[in-house]
Amino acid sequence: MNLMIIKRSSLPQSLLSHIPPKISQIWLQIVQTPTKTSTMTPAIKTTHIDRTAHEPRDNSLHELLITTITPITPAIRLFHLTPSQPSQPPISFLPGQWVDLYYPPFPSCQKPGGFTITSPPSHPHMELAVQQSPLNPPAAYLWQDPSTLLHTPVRIRIGGSFTYPPQILSRPSEQQPLLSSPRSSSTPPNFKKLVLVAGGVGINPLISILSHISTTRPQPEITLLYSLKDPNSKIQSGDTSQALFLDRIINLFSNQNDPLKGNIKLFLTTTGGPTNTNNISTNEIATKNLSIPFEKRRISLSDVSNAIGEHKDDVAVYICGVPSMTDQFVDGLTSPSPQGLGIDKSRVLCEKWW
Ligand SMILES: Cc1cc2nc3c(=O)[nH]c(=O)nc-3n(C[C@H](O)[C@H](O)[C@H](O)COP(=O)(O)OP(=O)(O)OC[C@H]3O[C@@H](n4cnc5c(N)ncnc54)[C@H](O)[C@@H]3O)c2cc1C
């Protein structure tokens, strides 16, 4: 039987109020639950290193300073990390990658956190968007009082294969090593349509990809399907300020000089509200230069299929979100027809977080 101790000090306030003060630690039994494929999966989650053990990682560890911390929503903070020395060469990464993040006092045995880079490689600073997670030690470290974190160092290692442009689709002469600079802007990608599917904070790697594409030529036609919570119906009424990266996305698609080609569709869910994918009412959020359709339900496989349209053979699909969403869509898109859409697996990239 696998047991794990959780100290009282590591528990969130919401749980503490239910536990008598004299209890200083809790034993958890790790149970095995069967998944739909009948394999056994531990119910207690593991660390970022365990979850991404199969992913490629760079060898180098870079030290960066936390130079700005900006709250985006009550539960998400944006961090800018900047080289500590102006002479430090820029860190190479590809749009869509993440970092192993180590925090002081840097013991060699410390387990890093995993956070996605939300800025494009061309930016001088590296940006991360970190959700408040009191039980995850690296996230809890980054959710201390900002004044204790500013101008302090963190160490990062680049990793991940959920990268743009999709390597498998490239002709051999265009393939590039995992950690090189992004493809030069003159090389055309070997696909015409890009479908990006984000569930909640799954937008993080996709905003880096979108920002990067806006600086390259030629550009694919893009459809972004973005599902997010809208508990107070603020987004529906046009207040996008607390919707993670939505204003940045709107700017990229509506920029007067050089907008991204394509469209955005939002899927807004209210806590306890309808998540029914059969609800077909469509509304629009009118922003300065753009009308964005939204539906009050979750994204369904047919939404992804409609976005792909006639492009089954020249599409690249990127899906990032919780495993229940990513697994369902990858299955539906890549299973042979008539059960699925029969899209080549190399065209469907997926990253799951929790
Ligand atoms: C590829 C990838 C990219 C991600 N990108 C982001 C991102 O951009 N932004 C974001 O907010 N989150 C991101 N995450 C999620 C993030 O890494 C954590 O999983 C997240 O903070 C949620 O933590 P949790 O509270 O669910 O705890 P979990 O991470 O699910 O951990 C559960 C338990 O495991 C133990 N544990 C986990 N990690 C450690 C550790 N490092 N040291 C010691 N004990 C540990 C703790 O006991 C913890 O209570 C990403 C995850 C992956 C796999």
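Helices (H or I, at least four residues) and strands (E, at least two) are taken here as DSSP runs and are numbered from the N terminus. The structure described is a predicted model, in which local features need pLDDT of at least 70 and side-chain atom pairs count only at pLDDT 80 or more, whereas totals for chains, interfaces and linings use all residues. Residues are numbered from 1 along each chain as its sequence is written.

The strand pairing is described first for strand 6, where two strands are said to pair if DSSP finds at least two bridges between them. Strand 5 (residues 62–73) runs antiparallel to strand 6 (residues 76–83), and eight bridges link this pair. The connection between strand 5 and strand 6 is a hairpin of two residues, and within this pairing I66 is placed opposite L81 of strand 6. Strand 6 also pairs in the antiparallel sense with strand 9 (residues 126–131), here over six bridges, and L78 faces A129 of strand 9.

Strand 9 appears again in the surroundings of the ligand, for which a residue is counted as near if its C-beta atom, placed from the backbone, lies within 6 Å of the molecule. The ligand is surrounded by 26 residues, of which T116, Q131, S133, L135 and N136 are the closest. Two or more residues of this shell are given by each of helix 2 (48–51), strand 8 (113–116), strand 9 and helix 3 (137–142), and strand 8 supplies the largest share, namely four residues. When residues are classed as nonpolar (Ala, Val, Leu, Ile, Met, Phe, Trp, Tyr, Cys and Pro), charged (Asp, Glu, Lys and Arg) or polar (the others, Gly among them), the shell is found to hold 12 nonpolar, 10 polar and four charged residues. Domain 2 (62–159) and domain 3 (186–352) each contribute at least three residues to the shell around the ligand, the domain bounds being those of an automatic or database domain assignment.

Burial was assessed by counting C-beta atoms, placed from the backbone: a residue is buried if 20 or more others lie within 10 Å of its own, exposed if 12 or fewer do, and partly exposed in between. In helix 6 (residues 246–254) the buried residues are L246, I249, L252 and F253. These residues lie on the same side of helix 6 because they cover an arc of only 120 degrees around the axis, where the arc is that of the directions from the helix axis to the C-beta atoms. They pack against helix 5 (203–213), strand 12 (221–229) and strand 13 (262–269), contact being assigned when the C-beta atoms of two residues, placed from the backbone, lie within 7 Å. Helix 5 is itself mostly covered, with 11 of its 11 residues buried, including I203, L206 and H212.

Several backbone features occur in loops. Most residues other than glycine have a negative phi, and most peptide bonds are trans. The peptide bond from P104 to P105 is nevertheless cis, with omega near 10 degrees, and P105 belongs to the loop between strand 7 (98–102) and strand 8. In this loop between strand 7 and strand 8 lies F106, which is not a glycine but has a positive phi of about 55 degrees; F106 is exposed, with 12 other C-beta atoms within 10 Å. A cis peptide bond also leads from Y164 to P165, with omega near 0 degrees, and P165 is located in the loop between strand 10 (153–159) and strand 11 (193–199). S233, in the loop between strand 12 and helix 6, has a positive phi near 55 degrees, and S233 counts as exposed, with 12 C-beta neighbours inside 10 Å.
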